[in-house]
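Here is a quick tour of some helix packing and a few internal cavities. Have the structure open while you read.

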Amino acid sequence: MSVYTFDNTKSPIDKLTVYHTAGGGMRAYLHANENSDPADLAKIKTALTRRNLQWTPILEAGSPALEVRGFGKHESKLLHLLSADSATLGEAHKAATKDDKTTFKDKFRKNTLRASGAAYFLGDMSYLKYTWHDSHNQAGKLVKPSALAGGIFYALGTPFIMIFGRGDKSDLQFRHMSYNMLHELEEKKVAIPKDASVRAVANGHNTTAWKKFKTFCARYPAEITNSIFAAAGSMILIEKGGELKTFKWKPFKLLKEGGFDALKKSFKTENVPKNGQTAHTLRSVLGDIGLGSMTVLAGLISVFVEEEKPKPGEPKKTGLAGLWQKVKERPLAAASAALMASTIAHATSTADDLRGARKALRPENIGNFNTEQIWEKRNLVKSLPYRGIFVGSNIAAEVLMAVSSKGHGAGVISDKSLDTSAYAIAADLVYHSQPEKREVVLKSVSEFLAGKKHLAQDQKVVLSGIQKQLEAMENNPWAGDVAKKKSEADASMSSSNWQGKVATPAKPLAPVVPMTSFAGKHQEAVEAGKDSAAFFNRA
């Protein structure tokens, strides 16, 4: 956390607090000077909107402030923007805080998906190295294009989680959520005030093809990577399926005629065709078919299984339903299990290949093979270090991916601050709506945020969060012209029925807009444990 104060007593901002998250995210809170001119605050919000930064009035740490997101990893960018485009702040003084720096351990825990990409990259380069030799013959001609394509696909998939796999995606989630809220309410014919902060947060979201591409990559890095890995697995299946045919292996016939002993005998490493079609053993080919199959399965799980966190108090399921629930809670763990199985299958096939190659290259056996086969077997032996790196780095990457989250899904929030931001943007929208329309707006935004695709919370919890932000909105100078809002609120006292929607007998709702003449009566209602809206209506 960084805290800035400013020399200029006439500055519209007297404090700027910047929070750094372990996942690489940043957000700032601007506290207005008590004597600030509303026009200056409005200029600041305009400047932020012009730069496509996300802002919303919010109650943070008990104080009204303006939350700002989307300014990247460097707070100096925000300081420069505020000084140059918005107001004269004066010299900034940064206060030292004990939690100013995030520990490496916290950063690592929040960026395991990106770390898995780094491990995969090392393995991919090794795989591409020995696949290149394996796919060409002694004369340098490409004879196994599918095998080479598999190596290329592996290498193409990794950069997406290396670049876009950061742990904190709250800025992206907040903008995506606000954008969807704006359009869903517009479809319901709910009037969105021009000065509502939801417009500023949704501003600039996916307005160009390049932004759409970046948003897609940032939102779905695990799915993109694993789908490309699945394409690599498909190429391996094609290549190894062709090699399997050269053995003329008929397992069902072997079982029928000789039982399991005959089938087991057919797996011996000596079972290598002598016509130059392949230098791999049968067991090796079957192992690589397992590699391709499990890689495809991992891709399907990653792409089509939506991550879904269980709701608080939701009973755990048992049996197959319970297993499916666990897969949905951690789909990347399931995908990683399949990928690890594929890596183990490849390690087994590599071991068989090496045993067969070394045996074939013995003086007493080398005469049984032609020049091309001998060249291929020597390549297999030379590729051992690269194959070892591939297996080791892939297992490390798969362990890291198993403990990672996709970063989106039902109830998946990459940073806890997003809940408060969502409540604040909803409260701001209600606050700026016409008094007679607030009930409709409140109902719509609370249902939206409680939905499975967003916060996935109980609607009562959402309403309580919005209520807390609403109560503070009237005293937040960033919410607009406070004096004007107070007069409008007092004039529209009769429209306060909508507040009853978030009040409960156990916890009555405080009035959202200032109603000075009724403040004492509201306190009486709270102490008496009555429904505040009903109390005020009676008054």
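## α6 against α16

In this predicted model, helix α6 (residues 170–187) and helix α16 (residues 417–432) cross at roughly 30 degrees. Angles under 35 degrees count as roughly parallel, so that is what we call α6 and α16. Their axes come within 11 Å, and the crossing is right-handed.

Who touches whom? From α6 you get Ser170, Gln173, Phe174, Met177, Ser178, Met181 and Leu185, and they meet Leu418, Ser421, Ala422, Ile425 and Leu429 of α16. Sorted by class, this contact has 8 nonpolar and 4 polar residues, with no charged ones.

## α13 against α15

Now for another helix pair. Helix α13 (residues 331–360) packs on helix α15 (residues 384–402) at about 165 degrees, and the axes are 9 Å apart. With angles over 145 degrees counted as roughly antiparallel, α13 and α15 therefore get that label. The crossing of α13 and α15 is left-handed.

The contact list includes Leu332, Leu339, Met340, His346 and Arg358 on the α13 side, and Arg387, Phe390, Asn394, Glu398 and Met401 among those on the α15 side. Overall, the residues in the contact of α13 with α15 split into 13 nonpolar, 5 polar and 3 charged.

## The largest cavity

How many cavities of 30 Å³ or more turn up in the whole structure? The search finds 5. The largest holds about 160 Å³ of space. It is lined by 16 residues, and Tyr127, Asp134, Ala147, Lys240 and Asp288 are the closest to its centre.

Which elements give two or more residues to that lining? They are α4 (112–134), α9 (221–245), α11 (282–304) and α13, so-called by their helix numbers. If you're thinking about polarity, the lining of the largest cavity has 8 charged residues, along with 5 nonpolar and 3 polar.

## The second largest cavity

Next comes a cavity with a volume of about 50 Å³, the second largest. Its lining is made of Tyr130, His133, Asp134, Glu376, Asn379, Leu380, Ser383 and Arg387. Here α4 and α14 (371–382) are the elements that give two or more residues. The class tally is 2 nonpolar, 3 polar and 3 charged.

A couple of names come up again. Asp134 is on the list for this second lining and is also one of the residues closest to the centre of the largest cavity. Arg387 lines the second largest cavity, and Arg387 in α15 is also part of the contact with α13.

Conventions. Residues are numbered from 1 along each chain as its sequence is written. This is a predicted model: local features need pLDDT of at least 70, side-chain atom pairs count only at pLDDT 80 or more; totals for chains, interfaces and linings use all residues. Side-chain values use heavy atoms; hydrogens and water are left out. Axes are lines fitted to C-alpha atoms, for helices over the stretch in contact, and angles run from 0 to 180 degrees between N-to-C directions. Helices (H or I, at least four residues) and strands (E, at least two) are DSSP runs, numbered from the N terminus. Angles under 35 degrees count as roughly parallel, over 145 as roughly antiparallel, 65 to 115 as roughly perpendicular and the rest as oblique. A crossing is left-handed if the near helix is turned anticlockwise from the far one by less than a right angle, and right-handed if clockwise. Contact means heavy atoms within 4.5 Å. Ala, Val, Leu, Ile, Met, Phe, Trp, Tyr, Cys and Pro count as nonpolar, Asp, Glu, Lys and Arg as charged, and the others, Gly among them, as polar. On a 1 Å grid over the protein atoms alone, a cavity is a set of points where a 1.4 Å probe fits but cannot get out, and a pocket is an open set with protein on both sides within 12 Å along at least five of seven lines; lining residues have an atom within 4 Å of a point. Grid points are joined across faces, edges and corners, and a volume is the space filled by probe spheres set on the points.
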